Amino acid sequence: MQENKYPEPSTSIKACLFDLDGVLVDTAIYHYQAWKRLANTMGFDFTEEQNEQLKGVSRVESLNKILSWGGIEKTDTEKEELATLKNSWYVDMITKMTPAEVLPGTVDFLTEVHQAGYRLALGSASKNSGIILERTNLAHFFDEIVDGNMVTKSKPDPEVFLKGAEFLGFKPDECVVFEDAVAGVEAAKRGGMKAIGIGEKSLLSQADVVVSGLDKLTVEDLKKL
Ligand code: BG6
Ligand code: MG
């Protein structure tokens, strides 16, 4: 992680907190394939629509939802084994990711905000953020990384973003969060931060601004927040 050598911006927003999956990279397809394989081994199917409901949801909570959709009960030990199995399939896929899988506009936007002096942190529910950031060559953009390994409460609890703000040394109202999940936008607002939703306006109605992707944003948009 590098220190930002550019001076702080004079705007009220000074730091950018980025969700990972669905904002910087599209890993939902790999989560879907791994969860589907797991559901299939237990004798039921799992749809892409259901996968949508798992956005921003932690691994253990995702498994609980899938088991309830399949009408299956498991002990805590069995759940741990299932989550580990799913994760091993998921990790097999994400270790083959390349920088070509970074979502459109991401590298340009991260470069632009970094050079404008904003401090950058990752705020992700994933425990696999390290592999993904390394494989996609994005790690060097971030001053701080907060992920699923460092929080006890998952989104919509604001813990992940409050930690990011604290590590960067800014107050919540000096931060803007970039999020594709409803639970993530809610976490940002509960934390007292601005939120830029990435996706559908109808879905991310709590966000201050909604765009379809980082390719639709410039540093000028941060000055209007
Ligand atoms: C979030 C994803 O970023 O991370 C969820 O949107 C996922 O779908 C969660 O379940 C946890 O990820 P991981 O990599 O720790 O299993
Ligand atoms: Mg996300």
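# Exercises around two ligands

Let us begin at ligand 1: an N or O atom in the side chain of Arg59 lies 2.8 Å from one of the ligand's oxygen atoms, which fits the definition of a polar contact (a pair of N or O atoms within 3.5 Å; within protein, one must be able to donate a hydrogen and the other to accept it, and residues adjacent in sequence count only if both atoms are side-chain atoms). The protein covers 96% of the 390 Å² of accessible area that ligand 1 has on its own, with areas from the Shrake-Rupley method and a 1.4 Å probe, where for residues only the protein chains shown count as cover.

This is a predicted model, in which local features need pLDDT of at least 70, side-chain atom pairs count only at pLDDT 80 or more, and totals for chains, interfaces and linings use all residues. Residues are numbered from 1 along each chain as its sequence is written, chains are lettered from A and ligands numbered from 1 in the order in which they are written, and side-chain values use heavy atoms, with hydrogens and water left out.

**Exercise 1.** Describe the surroundings of ligand 1.

*Step 1.* Count the neighbours: 14 residues surround the ligand, and the closest are Asp21, Val57, Ser126, Lys127 and Asn128. A residue is near if one of its heavy atoms lies within 4 Å.

*Step 2.* Sort the shell: four residues are nonpolar, six polar and four charged. Here Ala, Val, Leu, Ile, Met, Phe, Trp, Tyr, Cys and Pro count as nonpolar, Asp, Glu, Lys and Arg as charged, and the others, Gly among them, as polar.

*Step 3.* Look at further contacts with oxygen atoms of ligand 1: a polar side-chain atom of Asp21 is 2.6 Å from one, and a backbone N or O atom of Gly56 is 2.8 Å from one.

*Step 4.* Place the ligand: it lies between domain 1 (15–26 + 100–223) and domain 2 (28–94), because both give residues to its shell. The bounds come from an automatic or database domain assignment.

**Exercise 2.** Which residues coordinate the magnesium ion (ligand 2)?

*Step 1.* Find the donors: Asp19 (OD), Asp21 (O) and Asp180 (OD) coordinate the ion at 2.0 to 2.1 Å. Donors are N, O and S atoms within 2.8 Å of the metal (3.2 Å for Na, K and Ca); water is not among the atoms, so sites may look incomplete.

*Step 2.* Read their spacing in sequence, D-x1-D-x158-D. Asp19, in the loop between strand 1 (15–18) and helix 1 (28–41), and Asp180, in the loop between strand 4 (175–179) and helix 8 (182–190), are 161 residues apart, and the pair links distant parts of the chain. Helices (H or I, at least four residues) and strands (E, at least two) are DSSP runs, numbered from the N terminus.

*Step 3.* Check burial: Asp19 and Asp180 are both buried, where buried means under 20% relative accessible area, exposed over 50% and partly exposed in between (1.4 Å probe, protein chains only).

**Exercise 3.** Find two backbone features in the loops on either side of strand 3.

*Step 1.* Recall the general rule: most residues other than glycine have a negative phi, and most peptide bonds are trans.

*Step 2.* Go to Asn137, in the loop between helix 6 (129–135) and strand 3. Asn137 has a positive phi of about 65° although it is not a glycine.

*Step 3.* Move on to Pro156, in the loop between strand 3 (144–146) and helix 7 (159–168). The peptide bond from Lys155 to Pro156 is cis, with omega near 15°.
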